[in-house]
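Colleague: Could you take me through this model? I would like to begin with a single strand and work outwards.

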Amino acid sequence: MFYKAVAPGNIGHSLKFADAAQSVARHGYEGYFFDAGQDFTGSPLQTRELLEQYRLKPAGFGLPVEYRKGEKEYEEGMARLPAFLKFAQAIGVKGCVTWIFPFHDSLDYQENFELHRKRLTPAARMLKDHGMDFGMEFIGPKKLRRNVNFEFIHDLDGMLELCDALGTGNCGILLDAWHWHMAGQQFEDFKKLAAPGKIVCVHVMDAPPNIQDEEQEDLVRRLPGTTGVINIAEFFAGLRLAGYGGPVMAEPFERFLSRIPFEESLKIVMKSLNSVWPD
């Protein structure tokens, strides 16, 4: 069964794990999603001890490599990656994720696909060598692709094609309920994910009401279960159908959460998760 986890950045806060662990556990979260740059320093043993002390699962981390820009930024990120992966492996992390931008200014679809394949394959292979899966997120809203030069991957089938192209055997999806809905994915599509490792991590939220999907703004969202625009019950049923057992985190992008204490944000977000969580 999947479990409730939290990433401070997803709810408007920036904290190190050592400063957040006690509060996260106190509010009932079972897992913690790490920021590699902030958290994967110092002693892995101390981090592991904190995880054990507060009975938290290491829910994953974001790929700390800038592969969307120039070669210099990419190579610098790849040079730092082994140290991050060594730390993550030492604390028991099993998944790493990233998101794929749905268009490009100068590369057509095939050129951009090849760039992603070339740059992400080495990272995915390194993750596999450290016992980790690699989840990639498609970005679904149609409004983001208006008047762009070249569209890119923005749905499940396109992302599964990229997974296959990397060819490392440990690639899956960072599955986001917002993007699932905005891309027009159907319940039957969960059958495509019914294999171990096909879903690496999950984000849930809701969408503002009285706005057509074609007009929804990607960064304007709501807490899970507050509007009913996104069929979260069906989404959770799909996760069960796929046999998913990993972390589920809220990613509501509600601005007010960043303006209140972290403790209060944790409480509000947990309440929203509990309101939609399946029995």
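Modeller: In E1, Tyr3 and Ala5 point one way while Lys4 and Val6 point the other, and all are buried. Buried means under 20% relative accessible area, exposed over 50%, and partly exposed in between (1.4 Å probe, protein chains only). Helices (H or I, at least four residues) and strands (E, at least two) are DSSP runs, numbered from the N terminus.

Colleague: Why do the side chains alternate?

Modeller: In a regular strand the side chains alternate between the two faces of the sheet.

Colleague: What should I know about the numbering and the confidence limits?

Modeller: Residues are numbered from 1 along each chain as its sequence is written. This is a predicted model, in which local features need pLDDT of at least 70, side-chain atom pairs count only at pLDDT 80 or more, and totals for chains, interfaces and linings use all residues; side-chain values use heavy atoms, with hydrogens and water left out.

Colleague: Which residues stand opposite Lys4 and Ala5?

Modeller: Lys4 stands opposite Val248 in E10, and Ala5 stands opposite Gly31 in E2. E1 and E10 run parallel and are joined by 2 bridges; E1 also pairs with E2 in the parallel sense, over 2 bridges. Two strands count as paired if DSSP finds at least two bridges between them.

Colleague: What do the strands form together?

Modeller: They form a closed barrel of 8 strands with parallel pairing, in the order E1-E2-E3-E4-E6-E8-E9-E10. The twist averages 30 degrees from one strand to the next. Axes here are lines fitted to C-alpha atoms, for helices over the stretch in contact, and angles run from 0 to 180 degrees between N-to-C directions.

Colleague: Back to Val248: is this residue buried or exposed?

Modeller: Val248 is buried, with a relative accessible area of 0%. Its bridge partner on the E9 side is Val202, and strands E9 (residues 199–204) and E10 (residues 247–250) pair in the parallel sense over 3 bridges. Leaving aside neighbours within four places in sequence, Val248 is in contact (heavy atoms within 4.5 Å) with residues including Tyr3, Ala5, Phe236, Leu239 and Trp277.

Colleague: Which elements do the buried residues of H9 pack against?

Modeller: They pack against E1, H1, E9, helix H8 (232–241) and E10. The buried residues of H9 include Phe262, Leu266, Val269, Met270 and Leu273. The buried residues cover an arc of only 160 degrees around the axis, which puts them on the same side of H9; the arc is that of the directions from the helix axis to the C-beta atoms. On the other side, Lys267, Lys271 and Ser275 are exposed.

Colleague: Changing topic, how many aromatic pairs are there?

Modeller: A search of the whole structure finds 18 aromatic pairs. Rings of Phe, Tyr and Trp (its six-membered ring) pair if their centres lie within 6.5 Å; planes under 30 degrees apart count as stacked, over 60 as edge-to-face and the rest as tilted. One of the pairs is Phe40 with Phe61, edge-to-face at 5.2 Å centre to centre, with 70 degrees between the planes.

Colleague: Where do Phe40 and Phe61 lie?

Modeller: Phe40 lies in the loop between helix H2 (36–39) and helix H3 (44–53) and Phe61 in strand E3 (residues 57–62), so the pair ties together parts that are 21 residues apart in sequence. Both residues are buried. They belong to one aromatic cluster with Phe17, Tyr32, Phe34 and Phe87.
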